[in-house]
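Student: Please take one part of this structure and look at it closely with me. Then work outward from there, step by step.

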Amino acid sequence: MKKRLLFCLMAGLACGGFFTSCSDDDDPTTDEVVICPIAQTTYTDASGLVLTYSGQPVLGKQVVFTPDANDGSKATLTISGLDLSSFTGLMNSRENASATLAAPGVIPGQTTTNLTVDLTVSGDEVSFEGTTEQDGCTIAYDGSASEGGLTLNLNVTMPANDLTNTTWTVVPFDDVTYQSIPIHFVWESSKDITIMPGYALPVSTIVEMALRLPLLGDQSVNGALTQVFHSVTFNADGNITAEYKKNMTDAEWATSPLNMAQYTANAGSLQLYLNPSQIMANIQNSRLSRSTTSDILANLMPVVLPMLSQGVPMKYVIEDNNMKVYLGTDVLLPLLEALAPMFQDEAFLQQIMDMVANDPTMGAMAGMVGPVLEQLPDVIAGTTNMEVGVNFQK
């Protein structure tokens, strides 16, 4: 009897151990290794990058996809602007040629943005989505990547400031009393412009008079500005959009596309981030010859490139429902100093005078333009304060 009981007990233990072992073998493995199918890859417009910001395309940027070496379910996306080497070519022959600079990043104020993302792996492709907070910005993202390309959609809410979600219209031009003038202009210098022997005027007075005269057909520069530029809106995502007309005869205002101009603002200081390609296109469409345009660009690039990379520093002043936004001396004087040598170049001055002489509305002023331009280097050297911008109303 005892032998039978011992046998049954041993048999039961053996069966229990057998079934327990079978049960353990059937349990799913919890330590399954995830392998990212994509190695570290740099994506650009030319290599399959599709990047959007607030639902609209962004060009001229790059995204570096870096898988986590220890966890195949994670990766880092490094977003930045492409270098400005295509612009520095204009300065190669200049002693003051600067080193290569990065274009602005995709988020205003960030040259580089790093996103750590969780990956969903499906064959040779990965996808990702999420939301993160960085420097006061809320960044919502989603996208996918493969060896052939990367899609990344960003929706960003910037930290609120006193310009966020406000719209401002250009003030009208009062050409009778001049109580309302759209162009804000100040130029203070210790050197005046000699109009004729014994008679000189401050350069600011001369420029202000020129801005009021009908130099564009029957329009002044002030009047023309109100005909082509209507309003500007500072959006919560850091974009600036404007209502404008390509031609004065257009019936409706057009709205500028997103991601052409962006901003950050704080207590009267505004940092403006521009699209470099658009700036170049506008300069190349000027009426000056190609060689003269290249000379101007070569002189300006050492000053302009850092601003394209880091943003253009501007000022804004809000008083009741009025606001003026302008470039200050810190920006304008270096630009003028870079251009000053050109006003001592006889060929350049002659081209300007020929252009004025051939204009039906400005031809009578051709004889005055040359002597005024020749005095500008001394005026620039004596400059103590400059402000150039636009006056708006809310």
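Tutor: Leu272 stands opposite Val312 in strand 20. Leu272's strand is strand 19, residues 269-274, and strand 19 pairs with strand 20 in the antiparallel sense over 4 bridges. Two terms first. Strands are DSSP runs of E with at least two residues, helices are runs of H or I with at least four, and both are numbered from the N terminus. Two strands pair if DSSP finds at least two bridges between them. A word on the source: this is a predicted model, where local features need pLDDT of at least 70 and side-chain atom pairs count only at pLDDT 80 or more, while totals for chains, interfaces and linings use all residues. Residues are numbered from 1 along each chain as its sequence is written, and side-chain values use heavy atoms, with hydrogens and water left out.

Now move along to the next partner. Strand 20 also pairs with strand 21, again antiparallel, over 5 bridges. Here Tyr316 faces Val325 in strand 21. Strands 20 and 21 form a hairpin, with 2 residues between them. Look at the turn. Asp320 is there, with a positive phi of about 55 degrees, although Asp320 is not a glycine. The loop with Asp320 runs between strand 20 (312-319) and strand 21 (322-327). Is Asp320 buried or exposed? Asp320 counts as exposed, because its relative accessibility is 74%. The cut-offs are these: buried is under 20% relative accessible area, exposed is over 50%, and partly exposed is in between, with a 1.4 Å probe and protein chains only.

Asn165 makes a useful parallel. Asn165 is not a glycine either, yet has a positive phi of about 60 degrees. Its loop joins strand 10 (149-157) to strand 11 (166-170). Asn165 counts as exposed because its relative accessibility is 58%.

Strand 10 leads to another sheet. This open sheet has 6 strands in the order 3-2-10-9-8-7, with mixed pairing. Strand 3 (56-57) and strand 7 (120-122) stand at the edges, each with a single partner strand, so one side of each lacks a neighbour in the sheet. Further in, strand 2 (residues 49-53) pairs with strand 10 in the parallel sense, over 5 bridges. One link there is Thr52, whose bridge partner in strand 10 is Asn153.

Next, go inside. A nonpolar core is a set of buried Ala, Val, Leu, Ile, Met, Phe, Trp, Tyr and Cys residues joined through side-chain atoms within 4.5 Å. The largest such core has 48 residues. Those with the most contacts inside this core include Leu270, Met323, Phe229 and Phe392. Leu270 brings us back to strand 19, residues 269-274. Met323 brings us back to strand 21, 322-327. Apart from this core lies another, of 28 residues, with Cys36, Tyr43, Leu77 and Ile79 among them.

Stay with Phe229. Leaving aside neighbours within four places in sequence, Phe229 is in contact (heavy atoms within 4.5 Å) with Val170, Ala242, Glu243, Tyr244, Trp253, Val390 and Phe392. The structure has 4 aromatic pairs. Rings of Phe, Tyr and Trp (its six-membered ring) pair if their centres lie within 6.5 Å; planes under 30 degrees apart count as stacked, over 60 as edge-to-face, and the rest as tilted. Phe229 and Phe392 form an edge-to-face pair, at 6.0 Å centre to centre with 85 degrees between the planes. This pair links distant parts of the chain: Phe229 is in strand 15 (residues 229-234) and Phe392 in strand 22 (residues 383-393), 163 residues apart. Phe229 is buried, with a relative accessible area of 19%. Phe392 counts as buried at 6%. Phe343 and Phe348 are another edge-to-face pair, at 6.0 Å and 70 degrees between the planes. Phe343 and Phe348 are buried too.

A helix shows burial in another way. In helix 3 (residues 203-212), Val203, Ser204 and Leu211 are buried. Down the axis of helix 3, its buried residues fall within an arc of 100 degrees, so they line one face. That arc uses the directions from the helix axis to the C-beta atoms.

Finally, step back. The protein has 9 helices and 22 strands. Of its 394 residues, 39% count as buried. Among contacts with a separation of 6 or more, 60% join residues 24 or more positions apart.
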